[in-house]
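Below is a walk through one protein chain, taken element by element. Please keep the sequence and the structure open while reading.

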Amino acid sequence: MHRIHQLILTSTVCLILSTGLFSRVSAQDSLATSYSAHIDTVLTKNDLTSDSLLHVNLKSIDIIPPFKFKNHHQEKKYDELVEDVKKTYPLAMIVSKELNRVKKELDQVYTSPARRKKYMKWYQHYIKETYMDTLKTLNLRQGRLLLKLIDRQTGETAYDLLKEYRGGGQAFLWNSLAFLTGSSLKSDFDPEEDAMLEHILRRYEAGEFH
C-alpha cells in the first residue's frame, strides 16, 4: 500500500510540475502581528542636508503567540506535525517556484509549438531525476500533508491542477488511485480548520526552524 501511495504521489507531483502553469500563491490570514518599517525614497549624498533624516529599512518581524493546546494528545500531535512540515513544506514551495519558472520560460523563450514540446519533454525528465527520490521518502501521512500544502502555496488543489491542464480523465484516474490509499488529490487547505498547521507554517516562515 505504501509503494502504491509513493507511485501516486510522485506521479501526481511530476505531472503538476510539468504542466507549465502559473502558480497563484494564495494570500493567507496571518496568525501573527507584523511590525515593519519601509522606505520609499533612496537618499543620495546630495539629498542629505542639515534637515535630512536618515531612514533605514528594517526586516519585518512576526510576533507569533504560542499555540494553545487542549490536551497532551494535541501537543504530541503538534510536535509530530512540526517534523512533517519541515520535510514537506520545502517541497510545496518548490512546486510553487517551479510552476512559475516553467510558465515564464514558456511565455518568453519557448514560444513555438515545436520548441515547447521539446522543452517539456526535457523538463519532465528533469523533474523525475531531481525530485523523484525525495518524494519517495515521504510516508503516507506526509504525502497527504504535501497535497494540502500544494493547495496552500498555489491556490489550487492537485486535482484541480491536473483537471485543468491534463484533463478530467487524468484527474479522475489519479484521484481514484489515491482514494485506495486513503488520500485525496482534492485535499484543500483551510486556515481555520487547519489552525494547528497554519500556526506551524507561520513559525516556519518566520525562520524558527532554519
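Tyrosine 204 is buried in this predicted model, because its relative accessible area is 9%, under the 20% that marks a buried residue. Its aromatic ring has a partner. The chain holds six aromatic pairs. In one of them the ring centres of tyrosine 204 and phenylalanine 209 lie 6.1 Å apart with the planes at 55 degrees, so this pair is tilted. The angle falls between the 30 degrees below which planes count as stacked and the 60 degrees above which they count as edge-to-face. Elsewhere, Phe67, Phe69 and Tyr78 make up one aromatic cluster.

The segment after α7 (195–205) contains glutamate 208. Glutamate 208 counts as partly exposed because its relative accessibility is 43%. Which residues does glutamate 208 contact, leaving aside its neighbours within four places in sequence? They are Ile64 and Arg203. With arginine 203 there is also a polar contact of 2.8 Å between the two side chains.

Helix α7 also takes part in a set of charged contacts. The chain has eight salt bridges. Within α7, the side chains of glutamate 205 and arginine 202 form one with an N to O distance of 2.7 Å. These two residues are three apart in α7, about one turn of the helix. An α-helix has 3.6 residues a turn, so residues three or four places apart point the same way. The two partners differ in cover: arginine 202 counts as buried because its relative accessibility is 14%, whereas glutamate 205, with a relative accessible area of 34%, is partly exposed.

A further salt bridge joins glutamate 198 to arginine 152, with the closest N and O atoms 3.2 Å apart. Glutamate 198 belongs to α7 and arginine 152 to α4 (residues 140–154), so this pair ties together parts that are 46 residues apart in sequence. Both glutamate 198 and arginine 152 are buried. Salt bridges link Arg152, Glu198, Arg202 and Glu205 into a network.

That network leads to α4. Helix α4 has 15 residues and spans 22 Å from its first C-alpha to its last, close to the 21 Å expected at 1.5 Å a residue. Most of α4 is covered, with eleven of its 15 residues buried. Among them are Leu145, Leu146, Leu147, Leu149 and Ile150. The buried residues of α4 also include Asp151, Arg152, Gln142 and Gln153. At the start of α4, a side-chain oxygen of asparagine 139 comes within 3.1 Å of the backbone nitrogen of arginine 141. After α4 comes glycine 155, which has a positive phi near 85 degrees.

Helix α2 (residues 72–108) has 37 residues, and its first and last C-alpha atoms are 53 Å apart, close to the 54 Å expected at 1.5 Å a residue. Asparagine 71 caps the N-terminal end of α2, with a side-chain oxygen 3.2 Å from the backbone nitrogen of histidine 73. Where does α2 bend? The bend is at valine 85 and amounts to about 35 degrees. Beside valine 85 in sequence is lysine 86, whose side chain meets that of glutamate 83 in a salt bridge (3.5 Å, N to O). Lysine 86 and glutamate 83 are three residues apart in α2, about one turn of the helix. Lysine 86 is partly exposed because its relative accessibility is 36%, and glutamate 83, at 47%, is partly exposed too.

Helix α3 (residues 113–136) has 24 residues and reaches 33 Å from its first C-alpha to its last, close to the 34 Å expected at 1.5 Å a residue. A kink of about 40 degrees is centred on threonine 130 in α3. The buried residues of α3 are Tyr119, Met120, Tyr123, Ile127, Tyr131, Met132 and Leu135.

These helices can now be placed in the whole chain. It has seven helices and two strands, and from the N terminus on they run α-β-β-α-α-α-α-α-α. Of the 210 residues in the chain, 38% are buried. Among the contacts with a separation of 6 or more, 80% are between residues 24 or more positions apart.

Note on methods: Predicted model: local features only at pLDDT ≥ 70, side-chain atom pairs only at ≥ 80, totals over all residues. Heavy atoms only, no water. Helix = DSSP H or I, 4+ residues; strand = E, 2+ residues; numbered from the N terminus. Buried < 20%, exposed > 50% of the residue type's maximum accessible area, 1.4 Å probe, protein only. Contact = heavy atoms within 4.5 Å. Polar contact = N/O pair within 3.5 Å; in protein donor to acceptor, adjacent residues only side chain to side chain. Expected span 1.5 Å × (residues − 1). Bend = angle between axes of the 7 residues up to and from the residue. Salt bridge = Lys/Arg side-chain N within 4 Å of Asp/Glu carboxyl O. Phe/Tyr/Trp six-rings, centres within 6.5 Å; stacked < 30°, edge-to-face > 60°.
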